[in-house]
Every structure is written in structure tokens, then in C-alpha cells.
Amino acid sequence: SCGGELVLALFMVELSNPFYHTRAILLSTRSKGNANVWDGLVKICEVGFAVSFLFGRLVFGTWCTFRTVTCPTTHVPIKVAGFGLWAVCLAWAKTIAMVAIGKAEIPSEHAKKE
């Protein structure tokens, strides 16, 4: 009876989507006059996306996957699908973490060169 956890997991996983799409809208409608404001809003969306993605999929997703896989009444195809989704989330989490680390290192590299 992991149905409730699965529905809650879907909700947690989708929390990162508004940040991602808002960032895309901001980038496509960037105003040249207020570039600093737009860049600040884009940064906020990027941080919000990274935090909600990593929390929703790694912290909560790991717990939900564990509960689903260890539940004795859950059917095997659902367990396999849940584990597969979790594995895909790990791959994307690694990519997002590497991008976030790369963006965090950019200012320090510029400071060293100047």
C-alpha cells in the first residue's frame, strides 16, 4: 500500500518544473534595459530549480523508492519502474550538481585572474 507515497512523490518531483519553465520564459523575454534584474530573477529560478530537484528527487525520492521496493504488497513491475525512475533521477542529479558547482566556481576564477 504505497499508493499514497507514490502520489506524494509525483507531487514532490514536479515541484521543480515551475522554476525551470519560469527560467526559460525569463531568458526568452529578457529586457536589455533591466539586464541585472532579469539576470537576478534567472539566478533565483536556477537555484530554486536545483534545490527543489535535488531535494524532491534525491532526499524524498530515495525514501519513497525504498518504501516502494520494500513494501510486500507492491507488485514487482511497480518496484522495477520505481527503481528505474530513481536511477534516472540520480543521473540527472549528477548533471545538475555539476552545472551548479561549475556556475559557483566561475566568480572565484574571475577574481583570481583580476
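Trainee: Which residues does Phe53 contact, leaving aside its neighbours within four places in sequence?
Mentor: Phe53 is in contact with Ser16, Leu58, Cys89, Trp92, Ala93 and Ile96. Contact means heavy atoms within 4.5 Å. This is a predicted model: local features need pLDDT of at least 70, side-chain atom pairs count only at pLDDT 80 or more, and totals for chains, interfaces and linings use all residues. Residues are numbered from 1 along each chain as its sequence is written, and side-chain values use heavy atoms, leaving out hydrogens and water.

Trainee: What makes up the largest nonpolar core?
Mentor: Five residues do: Phe49, Ala50, Phe53, Ala93 and Ile96. A core here is a set of buried Ala, Val, Leu, Ile, Met, Phe, Trp, Tyr and Cys residues joined through side-chain atoms within 4.5 Å. Helix 3 and helix 4 (76-113) each supply at least two of its residues. Helix 3 gives the most, with 3 residues. Helices are DSSP runs (H or I, at least four residues), numbered from the N terminus.

Trainee: Why is Ser52 called buried?
Mentor: Its relative accessible area is 14%. Buried means under 20%, exposed over 50%, partly exposed in between (1.4 Å probe, protein chains only). So Ser52 is buried. Ser52 lies in helix 3 (residues 35-70). Its side chain reaches the backbone oxygen of Phe49 at 3.2 Å. Not counting residues up to four places away in sequence, Ser52 touches Leu15, Ser16, Phe19 and Arg57.

Trainee: Why is Leu15 called partly exposed?
Mentor: Leu15 has a relative accessible area of 35%, which falls between the two limits, so it is partly exposed. Leu15 is found in the loop between helix 1 (3-14) and helix 2 (17-28). With Leu8 and Phe11, Leu15 forms a nonpolar patch on the surface, with about 280 Å² of accessible area together. Such a patch takes residues with over 30% relative accessible area and no salt bridge, their nonpolar side chains joined within 5 Å.

Trainee: How do you know that Arg23 and Glu46 meet in a salt bridge?
Mentor: Their side chains are 3.0 Å apart, N to O. The rule asks for a side-chain nitrogen of Lys or Arg within 4 Å of a carboxyl oxygen of Asp or Glu. Therefore the pair qualifies. A search of the whole structure finds 1 salt bridge. Arg23 lies in helix 2 and Glu46 in helix 3, so the pair ties together parts 23 residues apart in sequence.

Trainee: Are Arg23 and Glu46 buried or partly exposed?
Mentor: Arg23, at 26%, is partly exposed. Glu46, at 17%, is buried.

Terms used: A polar contact is a pair of N or O atoms within 3.5 Å; within protein, one must be able to donate a hydrogen and the other to accept it, and residues adjacent in sequence count only if both atoms are side-chain atoms. Patches are made of residues with over 30% relative accessible area and no salt bridge: like charges are joined within 9 Å, nonpolar side chains (Val, Leu, Ile, Met, Phe, Trp, Tyr) within 5 Å. Accessible areas come from the Shrake-Rupley method with a 1.4 Å probe; for residues, only the protein chains shown count as cover.
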